[in-house]
Amino acid sequence: MTLPKPEQLLPEMTAALKHHLSCRNITAPCFIGIRTGGVWVAQALLASGGWEEPLGILDVSFYRDDFSQSGLHPQVRPSELPFEIEGRHLVLIDDVLMTGRTIRAALNELFDYGRPASVTLVCLLDLNARELPIRPDVVGATLSLTPQQRIKLLGPAPLALELQTLDSAN
């Protein structure tokens, strides 16, 4: 399988996001990246689009529904939101959408900060393996993998995608 190159997806995603925001008359969005890969994609997207707004960062570790099973990852850091959430138009950015559970966790956390006017979801990749009814508004590419395959985003610069195969003994 040949993976797409992030540097080729970003200009298309930028154009699609600008069109999406324009169609909804959103002129002052707040950008939020989900740590870690979503932050890297958000930084690249902001640079590609010429946006100079501050970037919020979410660490959804405490909001995941598998937290009690997997425990706390040692690299958990607090979320950083340099703007109010209440009544704002948010652009939530992640690297890879697979089951939808990370996005659900991110939405739960955001609503703990306030009620946004809207949330636009942007993902570099959609792996078409959803367990929850969550779909991106803007997506770089959609891939279908076998159950043993995963995609990892490497970065932050340059961004690159790596295909991984899980050990079948697990």
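A residue is called buried here when its relative accessible area is under 20%, and exposed when that value is over 50%. The exercises below apply this to a predicted model.

**Exercise 1. Decide whether Asp94 is buried or exposed, and describe its surroundings.**

Step 1. Asp94 belongs to strand 3, a strand that spans residues 89-97.

Step 2. The relative accessibility of Asp94 is 5%, and because the cut-off for burial is 20%, this residue counts as buried.

Step 3. Once neighbours within four places in sequence are set aside, the contacts of Asp94 include Ile34, Gly38 and Val41, then Thr102 and Ile103, and finally Val122, Cys123 and Leu124.

Step 4. These contacts can be placed on the secondary structure: Ile34 is a residue of strand 1 (30-34), Gly38 and Val41 fall within helix 2 (residues 37-49), Thr102 and Ile103 fall within helix 4 (residues 101-113), and Val122, Cys123 and Leu124 fall within strand 4 (residues 118-126).

**Exercise 2. Work out in which order the strands of the open sheet are arranged, and which strands stand at its edges.**

Step 1. The open sheet is formed by 5 strands with parallel pairing, and their order across it is 2-1-3-4-5.

Step 2. Strand 2 (55-58) and strand 5 (138-142) each have a single partner strand, so one side of each is left without a neighbour in the sheet, and these two are the edge strands.

Step 3. Ignoring direction, the average turn between neighbouring strands of this sheet is 25 degrees.

Step 4. The individual pairings can then be followed across the sheet: strand 1 and strand 2 run parallel and are joined by 4 bridges, with Gly33 opposite Ile57 of strand 2; strand 1 also pairs with strand 3 in the parallel sense over 4 bridges, where Phe31 faces Val91 of strand 3.

Step 5. Between strand 3 and strand 4 the parallel pairing extends over 8 bridges, and His89 has Ser118 of strand 4 opposite to it.

**Exercise 3. Explain why strand 1 is described as largely enclosed, and identify the helices that pack on the sheet.**

Step 1. Of the 5 residues of strand 1, 5 are buried, so the rest of the structure largely encloses this strand.

Step 2. The burial applies to both faces of strand 1, with Cys30, Ile32 and Ile34 on one side, and Phe31 and Gly33 on the other.

Step 3. Helix 2 packs on the sheet and touches strand 1, strand 2, strand 3 and strand 4, its direction making about 120 degrees with that of strand 3.

Step 4. Helix 4 lies across strand 1, strand 2, strand 3 and strand 4 as well, and runs at about 155 degrees to strand 3.

Step 5. As for connectivity, strand 1, helix 2 and strand 2 together make a β-α-β unit that is right-handed.

**Exercise 4. Locate Val60 and find which residues it touches beyond four places in sequence.**

Step 1. Val60 sits in the loop that leads from strand 2 to helix 3 (67-70).

Step 2. Its relative accessibility is 6%, and Val60 therefore counts as buried.

Step 3. Beyond four places in sequence, Val60 touches Ile34, Thr102, Ala105, Ala106 and Glu109.

Step 4. For Glu109 the C-alpha to C-alpha distance from Val60 is 7.0 Å, although 49 residues separate the two in sequence.

**Exercise 5. Determine how the side chains of strand 6 are distributed over its two faces, and how this strand pairs.**

Step 1. Strand 6 (residues 149-154) has alternating side chains: Gln149, Ile151 and Leu153 point to one face and are buried, whereas Arg150, Lys152 and Leu154 point to the other face and are not buried.

Step 2. Strand 6 pairs with strand 7 (residues 160-165) in the antiparallel sense over 6 bridges, and the bridge partner of Ile151 in strand 7 is Leu163.

Step 3. The connection from strand 6 to strand 7 is a hairpin of 5 residues.

**Exercise 6. Assess the overall dimensions and contacts of the protein chain.**

Step 1. The chain has 170 residues, for which a compact globule would have a radius of gyration near 15 Å, and the value of 16 Å for the protein chain agrees with this.

Step 2. Along the principal axes, the C-alpha atoms fill a box of roughly 50 × 35 × 30 Å.

Step 3. Buried residues make up 44% of the chain, while the exposed area is about 9,100 Å², of which carbon and sulfur atoms supply 49%.

Step 4. Among contacts with a separation of 6 or more, 69% join residues 24 or more positions apart.

Methods
Residues are numbered from 1 along each chain as its sequence is written. This is a predicted model: local features need pLDDT of at least 70, side-chain atom pairs count only at pLDDT 80 or more; totals for chains, interfaces and linings use all residues. Side-chain values use heavy atoms; hydrogens and water are left out. Two strands pair if DSSP finds at least two bridges between them. Axes are lines fitted to C-alpha atoms, for helices over the stretch in contact, and angles run from 0 to 180 degrees between N-to-C directions. Contact means heavy atoms within 4.5 Å. The radius of gyration is taken over C-alpha atoms; the globule rule is 2.2 Å times the number of residues to the power 0.38. Buried means under 20% relative accessible area, exposed over 50%, partly exposed in between (1.4 Å probe, protein chains only). Accessible areas come from the Shrake-Rupley method with a 1.4 Å probe; for residues, only the protein chains shown count as cover. A crossover is right-handed if, with the strands pointing away from the viewer, the path from the first strand over the helix to the second runs clockwise.
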